[in-house]
Every structure is written in C-alpha cells, then in structure tokens.
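These exercises go with the sequence and model shown below. Each one sets a task and then works through it step by step.

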Amino acid sequence: MMKKKIIMLLSLFLTMPAIANTDREWNGIVLGFEPPSKGIFGDMLGIRPILSNNGFTFNSNYLSQTAYNMSGGYDKNKHVAYIDQFAVTFNQDLERWTGIPDARIEGNIVNRNHNDDLTIKRTQDYRVLNNDQTQESAGGGSITRLGWLTFARSFDDRRLTWRIGMMNKTQEFDQTIPCDFQLRTLCGGKSANSLTWSNWNIHTWGTTLSYKITPALTFKTGIMEQNNKATERSHAWSWSTSGSKGFLLPLEIETHTFVNGLPGAYNIGLLYTNAKQKDLYKDKSYKNTWFMYAGMNQQLTQHKNDPNRGLSVSVSGSYHDERSNFMNYVISTSLRYRGLFDIRPEDWLGFGISYTDFSSHYAKGQKNKNKALNITDYKNPLYSPVATNALNAELYYRFKLASWFELQPDLQYWHNPGGIKRTSDAFVLGLKTTITF
C-alpha cells in the first residue's frame, strides 16, 4: 500500500520536462511571482534611494484576511473572523564593503494580530486536528516575531550559495508555487505538512547550501534544528536552541525551464529527521522519519503576445509518515490567470482544489480514546471523532487597484471539514487585502 501511494505522488513529478536550451530570460510573472511593486510611500522623500545606494533594501506590507461562514460547518452560528499582519523583509548587501561575493544579511520581522481563526471557531469540529485554514495567515496569537536573520555568501563563480543563522525554510526550499490563495492547502507548496518545520514567521537555527548545476537546475540541502518550542511565544526572538529534539536534513532539486516556449518551475524534495516521533496509535516512539513533497507550476498560454499575461496550472503534493503525522497525503491543483480582461491587465483569477487523506494511525488512535473512555455518543464533548478525508476548494479574483493596493474576495467550499463526514459541508466567504508600503 505504501509503495502504491509513493508511486501515485511521484508519477506527477518525476517526469520533469527537459531543460530547454534557450537564451530566453525566464519570466515567472504569470506563475504568480510578481516583482515587488512600488509602495504607497514611493521613495519615502528620498530615503529609500539613499538606503539602496548603501546596499540596504527592504519590502514592507500589511495583510488582512477576513472569513465569514455563509452556511454549513460544525458550528452554524454566523461569525466574521478577522486577522492581519505587518511584515518587513530586508537585505543588507555586504559585498561592496567586504568584497565577498554576494555577501549579505537577510532578515524578516512579522507582527500578527487578533488570532481570530474561523476554522477552529466555526468551520470544523474543534475535537480534531486542523488540516486546513480559512485564513492561511491565522495562528500564533497576537505577537511580533523574528522570521529569520541570516548571513549568506556565494562561492565557485556564484554557483554555490551558503546561508547560516536563525532561518526559515521558505528562504530556500519549496519555492515553485506562490502563496496567493486564502486556503492554507492552496497557499504555496506542501513541505510544511511534515509538521517538523514551519512557514514564514518561525525561525530555527540552521545552515543551507544551494548549487546551480546549470543556470536552470539547482540542488539544495542543509541542516536545520527540529525544535518543538519554536512556535511558542517565548521563542519569538530567542537565540536559544532549548527545545531542540534533533536535526532536519532537506534535499531538493528545483528547475526553472520552458515547455512549448513558456516558463515553468518544478521541484521534488525529501526531508529526513532523526528527532523522536510519537506514534498516534501505538504507545511508543521512534526515530528516523522521512517526508516527501513535490510541485510543478507551468504557464499554459500567453495572452495576446504579452509575456506578463496568461494562464498557468500548478500541482503540489506531499506524502507523510502516517505513524506520527495525522495526514497521510495531501494533493492540490490550481489554475491562475493574470490579465484575463484587457481593461484589467494586472488582475488575477484563481481556482484551486485540495484533497487530504488522513492517517490510519490517527484514526485508530481516536477510536482507542473512545474505547478507553467507553464513549459512543458523537455529541459527547469527550468523544474523539474519526477523520477520513477532506476536499476543499477556493475561487478568487484579485483586483490590482493601485501599485500598492490589492483587494481579493474569495469563495471557499469545505467538504468533510476536518475530515469528519458528520460535519456538514461549508461555504465560506473570504476577503484578503494587501497594502505595500
């Protein structure tokens, strides 16, 4: 059974397209990777150019995500959930001062507020683990965190890049799919499903190496700590390794290539940890756990010969060790169209579907809890519901109202929220706002 599931996941990705021999510049805009836009404050009265001339560049933005339960879900009482965050990402070029190729300091700081997550308040049964979120940026509480602070430089004629410090996996790994949907399962790649490292605003110590085998093909690896306390409030700015349980060893191959003359991004990765994991069913722990993830993001059409407009498709998936991970595997696919209408050439239309298969060990563990407490009534608060599978979908339209302002309403559909068939299917109305400073 395990072999069949691995083959099912890999069959989508192991046939990566051959790297095209072309002198065309790779352009990922239609894939969702837009360059930083001009902020509301522009050059900040000349301050930004002065900083840039001295090697300091930064991007800052405000993000809000709102969700409203239109119908269905575990708790049908209506609620409007709202969260927001401020983020600053910066880079200090050191090469001009030291002569070291590509030497730089990189940092990220995120301030999150409200912690009002519709998923756990209304959409799914609070007695089961959360496999998806109505607002992907929810979580962690109202807090300001250091996302990363690292030093990097290059070797071998800039083909090899080394990074070290308090880092986050998004700096290096699983970068083929953007985070544009409001559903978490459709936001970016699937490597965070390992539950051993975190996305965006959580840091741990580590060091990574990436080597450009060719200009289009990159091999990535590193060693990072697995720290179960990294998500706690006490670790928000901590330099300590207290709580470390072992190390993570990621291995990834990524290619930026062309198919039928159109750009695409493909990756496949393995993640190993030697940290002790607790079995969800059996009363024991074990070490040496592997996790697999992969993704593809390919432009399909070009709108009226404009390289910045067109249709793209993405597919991503992950396969987990179901002894300790409550998810067995997750697969998502999505379509994006940039500039569908001539009058709105920078707007986006997106549609995505994700499917989660839950771990058999997780299901057996839930059944054992009910048996131990001699509970059979689903309505009993102490009853442990048994998750099977879940399917979620989202449709969004993003209005680019100004270079610094985007408004993105969306409609979400939740089938078997949290994997529980007894929870009615839910429709959620969402709204994401982004302001660039």
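**Exercise 1. A salt bridge and its cover**

Task: In this predicted model, classify D93 as buried, partly exposed or exposed, then find its salt-bridge partner and classify that residue too.

Solution.
Step 1. The relative accessible area of D93 is 22%. Buried would require under 20%, and exposed over 50%. D93 is therefore partly exposed.
Step 2. The partner of D93 is R96, and the closest N and O atoms of this salt bridge are 3.4 Å apart. The cut-off for such a pair is 4 Å, so the contact counts.
Step 3. R96 has a relative accessibility of 42%, which means that R96 is partly exposed.

**Exercise 2. A salt bridge between two strands**

Task: Which elements hold R163 and E106, and how many residues apart in sequence are the parts that this pair ties together?

Solution.
Step 1. R163 belongs to strand 5 (residues 160–167), while E106 belongs to strand 3 (residues 104–113). The pair therefore ties together parts that are 57 residues apart in sequence.
Step 2. Between R163 and E106 the closest N and O atoms are 2.8 Å apart, and the two residues form a salt bridge.
Step 3. R163 is buried, at 5% relative accessibility. E106 is buried as well, with a relative accessible area of 11%.
Step 4. As background, side chains of opposite charge can pair when their charged atoms come close.

**Exercise 3. Further salt bridges**

Task: Which residue forms a salt bridge with D116, and is each of the two buried, partly exposed or exposed?

Solution.
Step 1. D116 pairs with K121, with 2.7 Å between the closest N and O atoms.
Step 2. The relative accessible area of D116 is 11%, so D116 is buried. For K121 the value is 38%, so K121 is partly exposed.
Step 3. Salt bridges with shared partners also join E34, R338, E346 and R398 into one network.
Step 4. The structure has 20 salt bridges in total.

**Exercise 4. Following a residue across paired strands**

Task: Which residues stand across from G352 in the strands that pair with strand 15?

Solution.
Step 1. Strand 14 (residues 327–338) and strand 15 (residues 348–358) run antiparallel and are joined by eleven bridges. Across this pairing, S334 has G352 as its bridge partner.
Step 2. Strand 15 also runs antiparallel to strand 16 (residues 389–402), with ten bridges between them. Here G352 stands opposite E394.
Step 3. Reading across the strands, G352 has S334 as a partner and E394 opposite it in strand 16.

**Exercise 5. Two surface patches**

Task: Which residues form the nonpolar surface patch, and which form the positive one?

Solution.
Step 1. The nonpolar patch consists of M70, F351, I353, L395, L411, F427 and L429, with about 560 Å² of accessible area together. The elements that contribute two or more residues to this patch are strand 15 and strand 18 (424–436).
Step 2. One of the nonpolar patch residues, L411, lies in strand 17 (residues 405–415). L411 has 36% relative accessibility and is therefore partly exposed.
Step 3. The positive patch is made by K229, K245, K276 and K287.
Step 4. K276 sits in the loop between strand 9 (262–273) and strand 10 (277–278). Its relative accessibility is 55%, so K276 is exposed.

**Exercise 6. Positive phi outside glycine**

Task: Where do L45 and K304 lie, and what are their phi values near?

Solution.
Step 1. L45 has a phi near 60°, a positive value in a residue other than glycine. L45 lies in the loop between helix 1 (2–10) and helix 2 (47–53).
Step 2. L45 counts as exposed because its relative accessibility is 90%.
Step 3. K304 has a phi near 50°, again positive in a residue other than glycine. K304 lies in the loop between strand 12 (289–299) and strand 13 (310–319).
Step 4. K304 is exposed too, at 60% relative accessibility.

**Exercise 7. A contact at a buried threonine**

Task: What distance separates the C-alpha atoms of T255 and Y266, and is T255 buried or exposed?

Solution.
Step 1. T255 is part of strand 8 (residues 244–259).
Step 2. T255 and Y266 are eleven residues apart along the chain, and their C-alpha atoms are separated by 5.3 Å.
Step 3. With a relative accessible area of 2%, T255 is buried.

Terms used: Residues are numbered from 1 along each chain as its sequence is written. This is a predicted model: local features need pLDDT of at least 70, side-chain atom pairs count only at pLDDT 80 or more; totals for chains, interfaces and linings use all residues. Side-chain values use heavy atoms; hydrogens and water are left out. Patches are made of residues with over 30% relative accessible area and no salt bridge: like charges are joined within 9 Å, nonpolar side chains (Val, Leu, Ile, Met, Phe, Trp, Tyr) within 5 Å. Accessible areas come from the Shrake-Rupley method with a 1.4 Å probe; for residues, only the protein chains shown count as cover. A salt bridge is a side-chain nitrogen of Lys or Arg within 4 Å of a carboxyl oxygen of Asp or Glu. Lys and Arg count as positive and Asp and Glu as negative; His and the chain ends are not counted. The place of a charge is taken as NZ of Lys, CZ of Arg, CG of Asp or CD of Glu. Helices (H or I, at least four residues) and strands (E, at least two) are DSSP runs, numbered from the N terminus. Buried means under 20% relative accessible area, exposed over 50%, partly exposed in between (1.4 Å probe, protein chains only). Two strands pair if DSSP finds at least two bridges between them.
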